[in-house]
Amino acid sequence: MSVAAADAEPLAAAPLLQVDELRRVFDVSKPFLNRLLEGAPRLHLKAVDGVSFTVNRGETFALVGESGCGKSTVARLVVGLMPPSAGRIAFEGMDIGDPANAGALGRLRRRFQMIFQDPYASLNPRWRVDNIIAEPIRAFGMAQDKAEIADRVADLLRTVGLDAADGRKFPHEFSGGQRQRICIARALSNRPEFIVCDEPTSALDVSVQAQILNLMRDLQDEFGLTYLFISHDLAVVRHMATRIGVMYLGRLVEVAPAKQLFRSPRHPYTRMLLDAVPDLGMSGRARQPVKGEVPNPISPPPGCAFNPRCPFANDRCRSERPQALSQPVPGGGEALVACHAVEEGRLDAELARAGLAGAAGTTGALHTAS
Ligand SMILES: Nc1ncnc2c1ncn2[C@@H]1O[C@H](COP(=O)(O)OP(=O)(O)OP(=O)(O)O)[C@@H](O)[C@H]1O
């Protein structure tokens, strides 16, 4: 049994991570003096605007969406790099924002890690690699004995496909892919159970991306890891995800098992994203470029934020914000979709009229998500 499993509290029935109505607002106003002189108003940007999802033990939950939709902000909130403006984040049922849990939080922190997009920026250039990997081991008090730490670092380097002797080198002596392997070794060093991966391969060459993704999948199997995986790249997400949440302008518009989402996307935004990727779009449909641009998040459109780009938008979409509604998925599980056109059956009717594939096998009554 791993150290991580031995430490687990008896709340194992709860999802590993539960995020409820998470919000993060940034004050993007001009400085006070400018506001005073120019009469400029205070401006607030809702980067994350009421996001709820769960991540179950051993799965990879991916958050996807165009740049600026709030994916990285969710990642930072989850690992505690910034506080939420509102909402709740619970790890095995324990609310990590509750001051009453502050004592347990130190122990909990060891069980999370994060891998960032840029392996160049996230490694201290003045430290040798063995020191970089050993740092969390010391910081979390997992070992003190020098020989024991050196053995563990050598093991970790081999685990990620590097040589134990690489520990004596500095980060600049490695390629981008090798540096990301070092970041992964460092992330594994304190034996975490849950790793938040923020665009872990998007700074890498395509040929190297697949190697790193395969390594991450192998490590997930070997160590029973759970991933929250952030990416704008649907081809990458398809390779990794168990379930997928699609974000648009700070909100989740669709959450579904990965296979279901790629086979029969429901939300018009999900359909647009899939149609834009060669070989991923629904069968029989030609590749369509993504249309329009994400609106300014400081002044989002009323109603459904996607309505200015949506071919199915009507007056209700322009005035009333859709709630996430759940529906069963063939083969088990549930999907959540926040779309009036889906809820009213207009989307399927219009797609059928146009002779396009709808959400075969997924039609049926939508229920308010509990
Ligand atoms: N510290 C900050 N101060 C002000 N605005 C911020 C801050 N961090 C993020 N934002 C804004 O919040 C919104 C969401 O940003 P975020 O980085 O979470 O999106 P993203 O989907 O991860 O996009 P990307 O892939 O480009 O990073 C964007 O409009 C961004 O400009």
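# Exercises on helix packing, sheets and a ligand shell

In this predicted model, Val129, Ile132, Ile133 and Pro136 of helix α5 meet Ile182, Ala185 and Arg186 of helix α7. By class, this contact of α5 with α7 divides into 6 nonpolar residues, no polar ones and 1 charged residue.

## Exercise 1: α5 against α7

Task: Determine how α5 and α7 are oriented relative to each other, and state the hand of their crossing.

Solution. Begin with the geometry: α5 and helix α7, which covers residues 176-188, pack at an angle of about 30°, and their axes are 7 Å apart. Next, apply the cut-off, by which angles under 35 degrees count as roughly parallel. The two helices, α5 and α7, are therefore roughly parallel to each other. Finally, the hand of the crossing, in which α5 passes α7, is right-handed.

## Exercise 2: α5 against α6

Task: Work out the orientation of α5 relative to α6, and then describe which residues make up the contact between them.

Solution. Take the axes as the starting point: those of helix α5 (residues 129-139) and helix α6 (residues 146-159) come within 10 Å and cross at roughly 115°. Because angles from 65 to 115 degrees count as roughly perpendicular, this crossing makes α5 roughly perpendicular to α6. The crossing in which α5 passes α6 is right-handed. Turning to the residues, Asp130, Ile133, Ala134 and Ile137 on the α5 side meet Ile149, Arg152, Val153 and Leu156 on the α6 side. Sorted by class, the contact of α5 with α6 comprises 6 nonpolar residues, no polar ones and 2 charged ones.

## Exercise 3: the sheet that contains β1

Task: Establish the strand order of the sheet formed by 4 strands, and identify which strands stand at its edges.

Solution. First, the order is β2-β1-β4-β5, in an open sheet whose pairing is antiparallel. Read from the ends of that order, β2 and β5 (94-95) are the edge strands, and each has a single partner, so one side of each is left without a neighbour in the sheet. For β5, the pairing is with strand β4 (residues 86-91), to which 2 bridges join it in the antiparallel sense; here phenylalanine 91 stands opposite methionine 94 in β5. As a last step, add the helix: α3 lies across β1 (17-27), β2 and β4, and runs at about 115° to β1.

## Exercise 4: the ligand shell

Task: Describe the shell around the ligand by its nearest residues, its contributing elements and its classes.

Solution. Of the 14 residues around the ligand, those that come nearest are Phe26, Ala47, Ser67, Ser72 and Thr73. At the level of elements, β2 (44-55) and α3 (71-78) each supply at least two residues of the shell, and α3 gives the most, with 3 residues. By class, the shell has 6 nonpolar, 7 polar and 1 charged residues.

## Exercise 5: strands around β12

Task: Find which strands pair with β12, and describe the turn of the hairpin it forms with β11.

Solution. On one hand, strand β10 (residues 251-257) pairs with strand β12 (residues 334-337) in the antiparallel sense over 2 bridges, and glutamate 254 stands opposite valine 337 in β12. On the other hand, 4 bridges join strand β11 (residues 325-328) to β12, again antiparallel, with serine 326 opposite leucine 336 in β12. The β11 and β12 hairpin has 5 residues between its strands, and in the turn glycine 331 has a positive phi of about 90°.

Technical notes:
Residues numbered from 1 in each chain as written. Predicted model: local features only at pLDDT ≥ 70, side-chain atom pairs only at ≥ 80, totals over all residues. Near = placed C-beta within 6 Å. Nonpolar A, V, L, I, M, F, W, Y, C, P; charged D, E, K, R; others polar. Pairing = 2+ DSSP bridges. Contact = placed C-beta atoms within 7 Å. Axes fitted to C-alpha atoms, helices over the stretch in contact; angles between N-to-C directions. Parallel < 35°, antiparallel > 145°, perpendicular 65-115°, else oblique. Left-handed = near helix turned anticlockwise from the far one by under 90°.
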